[in-house]
Amino acid sequence: MPSPPWTRAQGIEAVVREWLATPSIASCFRADRAIDALGGELCPWPDDLAPSLRRALARRGIEGLYLHQREALDHARAGHHVVVATPTASGKSLCFQLPVLDALAAGTEATAIYLYPTKALSRDQETALRQLCADAELALGAVVFDGDTPGDARRVAREGAAVVMTNPDMLHSGILPQHPRWARLFQRLRYVVVDELHTYRGVFGAHVAHVLGRLRRVAAFHGSNPTFICATATIGNPREHAARLLGLGASEIRLIDRSSAPRGPRRVLVYNPPVVNAELGIRASYVKSAVRLALDLLRAEVRTLVFGMSRSGVETMLKYLRDALADRPAAQGAIVAYRGGYLPDARRRVERGLRHGEILGVVATNALELGIDIGDLDAVVCAGYPGSIAECWQRFGRAGRRGEPSLAVLVTSSAPLDQYLAHQPSMLLDGAIEQARIDPGNTEILMQHLKCAAFELPFCSGEPYADLPGPDTGAALGFLAEHGVVHAAGGKFHWAADPFPANHVSLRRVGWDNFVIIDVADGEAIAELDWHSAPSMLHEQAIYQHEGEQYQVERLDYENHKAYVRRVEPDYFTTALRHRKVSVLDIAAERPLCSAAAGWGEVSRVEKVVGYKKIKFYTHENVGYGDVRLPDIEMHSTSFWLTLPAPLCATIGRATALEGLRGLSHALHVVGTLALMCDPRDLGEAIADAPGEARTPADGFAATAHLFDTVPGGVGLAERLYERAPDLVRRTGELIRACPCPLGCPCCVGATAAAAEAAGRLPAAGAPPPEEPAGGRKRAALRVLEAMGAW
């Protein structure tokens, strides 16, 4: 007999059972993987652990340590550098909290620096550390030192704090240049904790490696030699990455990568929305599909986290969820959003609600990927693939943090990469986790931080810096001396230029001030938005969504970085139309490359919001357009380019040349990031398919692929691509030819709609590939390489 209408399914199992019993939903699941629970392995406390610390942990129900926690504690107490690379919710925090607090409880007057990638994470961990110190009866100061820290707290951090919690940016520009004022901290420095190690990759990671190298140098000057304790999510090379980041040999790092913490059973589902237009291959909206699945979970009282791909997507999903739960006011108020742009008080309110179990569901961007304590969540729904296997599993791990059963659902979008994963889910479920790569030896970055290091302390003759041996460091300092930056005297190099060089070195790409969003009804600031996103989200007549409500932008004061909005109730939201263009400003070098041409130089990358679309809620129909008149966003950087000349394009055909160059550009991007040890996001791709953009005579069609530095001004990546271009093109061709896919895939020329469709027909592992179909990006890329004479 059917269940009474007033009863509802409760819990994960009931919801999944209902999904699988519904043909329209069950037919969309492309993968269903059950991951068994694991039991924990405990070991006794060390006999010499501080009794007050043991009592504090016992009051929290912790009666012993997991094996990996004990191993980390023993290594750290012995002075060994440690990297803990265990899954989410395995108790990594205790791996670094215990050695630090044990040293402090012993009355050694030791100090510690905790380094977190974001301010939000350091604030979250400050609360947890202070609570643990209070329970352990330790009257020790733990202070967050960041851009929001008031003056009085800054003085306390310098003069009395045992633990200073900060981020790389403040360590770089606020602590190291003023290290004499922090002498007490550095003289007693026993431990440096580097949390979320996996976030320090690419250009940002190379910068942080130098910041940590400068930290070690300053600490040595003050007479200390701290032990580094690193914690990271699962990555493919934790020991090697930690060694590169800390400037140590891999043998000096103790790796702990086996978790002995218990883990509840987890079920992983991959949901591909149904096709709604077979002729055009259009699928149902992945946003609405994710909302529908999340609603089933929320109605079953399953505490759920929904990850969105953008701020606008998060707010749209929040509105849909709240509207659908309008008949349940209590549940509706327990659905919130969490993303960048919310004011600090709003974020803290959400974090408290999650920890205390007051929130049933939260819709978030990647702001909740990191280790902020969000209490007990049962399910994660990812609306779209985040771009890497590591990030996807990091999101999945946010549920089931207390050993209870959990559910993870990936809802794939119509993007080619998502569709490829939908047809080949084993790439996600069984594929290798990506490695983190950095290159501290990058000349541009190294010279910037060499200046900072010279400002902090004079260099002695023969003193090495970073990976540079003494003679090379001396040569680099001699170069700076020739330009008046340092002065050589008495066997030392002293800083001789303007003060605070760190102020001119940005560790991250984001620059300029945020825009403040003001509600004209009461004049209150409701949110803020980064400079780069403001033109697309805060142009006049835009619908800005905030905490599930809609505001129309009435005026954008671009010069003063303020947007004035008014609360409205429209039946649509807006999406900006952007135009991007890469133009060559100056050619540094150019040469033939087989039958093509390679070059590098300074480029201008222009982005402009040219208009906006009005998209109706729920149906996602386009109901109108509007114009936007805002200044261009122009960034000067450096780029490597590969140009197919007009005769070559004429030989193989315009369409083949363009499609093949797109595939070649994608594969070259893959090979280039590996060769330069940078993050994929450090290099951007662009195709110039017009004669003017390709810088060729107007009487013939040519095409140019750009790989450009995404950091303003560039950090030398383009020049290194140019220097190694012949070898990189050869390796790119080998990568494409060796890949077993028929039409293209994310591992070679990139996923396309056709490749995603064909992915479902790939042969089983070990079977010979079928004859390649005619056409396709892979075939076009091989045709381009053949026409170039690359082999």
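# Notebook: loops, a sheet, a helix pair and two cores

I began with C594, which I found in the loop between β27 (572-593) and β28 (596-616). The model I am reading is a predicted one. The phi of C594 is near 55 degrees, a positive value in a residue other than glycine. I then asked whether C594 is buried or exposed. The answer lies in between: C594 has a relative accessible area of 44% and is therefore partly exposed, since that class runs between the 20% and 50% limits.

I looked up E137 next, another residue other than glycine with a positive phi, here near 60 degrees. E137 sits in the loop that joins α6 (119-135) to β6 (142-144). With a relative accessible area of 59%, E137 counts as exposed, because the cut-off for that class is over 50%.

**Sheet**

I turned to an open sheet of 5 strands and traced its order as β23-β22-β26-β25-β24, with mixed pairing. The edge strands are β23 (524-529) and β24 (543-546), each of which pairs on one side only. From one strand to the next I note a twist that averages 40 degrees. Which helix packs on this sheet? I find helix α13 (residues 311-324) there, in touch with β23, β24 and β25, and its direction makes about 65 degrees with that of β24.

At the β24 edge I checked the pairing with β25 (residues 549-557), which is antiparallel and runs over 4 bridges. Within this pair I located H546 opposite E549 in β25.

**Helix pair**

I then followed helix α25 (residues 725-738) to its packing against helix α27 (residues 777-788), where the angle is about 140 degrees and the axes lie 10 Å apart. The crossing of α25 and α27 is left-handed. Which residues meet in this contact? From α25 I list V729, G733, I736 and R737, and from α27 I list K778, A781, L782, L785 and M788. Sorted by class, the contact of the two helices holds 6 nonpolar residues, 1 polar residue and 2 charged ones.

**Cores**

I asked which residues in the largest nonpolar core touch the most other members. In this core of 66 residues they are Y114, V163, L305, L368, F396 and L428. Helix α5 (residues 92-105) contributes the largest share of the core, 7 residues. I took L368 for a closer reading and, leaving aside residues up to four places away in sequence, I find that L368 touches L305, F307, Y338, L354, V362, I374 and R398. I also recorded a second, separate core of 49 residues, with W600, F640, L644 and C678 among its members.

**D296**

My last entry concerns D296, which belongs to helix α12 (residues 286-299). I find D296 at 24% relative accessibility, and it counts as partly exposed because that value is not under the 20% limit for buried residues and not over 50%. Where along the chain do its contacts lie? Not counting residues up to four places away in sequence, D296 touches V15 and W19. I also checked D296 against Q10: the two residues are 286 residues apart along the chain, and their C-alpha atoms are separated by 9.9 Å.

Methods
Residues numbered from 1 in each chain as written. Predicted model: local features only at pLDDT ≥ 70, side-chain atom pairs only at ≥ 80, totals over all residues. Heavy atoms only, no water. Buried < 20%, exposed > 50% of the residue type's maximum accessible area, 1.4 Å probe, protein only. Pairing = 2+ DSSP bridges. Axes fitted to C-alpha atoms, helices over the stretch in contact; angles between N-to-C directions. Contact = heavy atoms within 4.5 Å. Left-handed = near helix turned anticlockwise from the far one by under 90°. Nonpolar A, V, L, I, M, F, W, Y, C, P; charged D, E, K, R; others polar. Core = buried A, V, L, I, M, F, W, Y, C linked by side-chain atoms within 4.5 Å.
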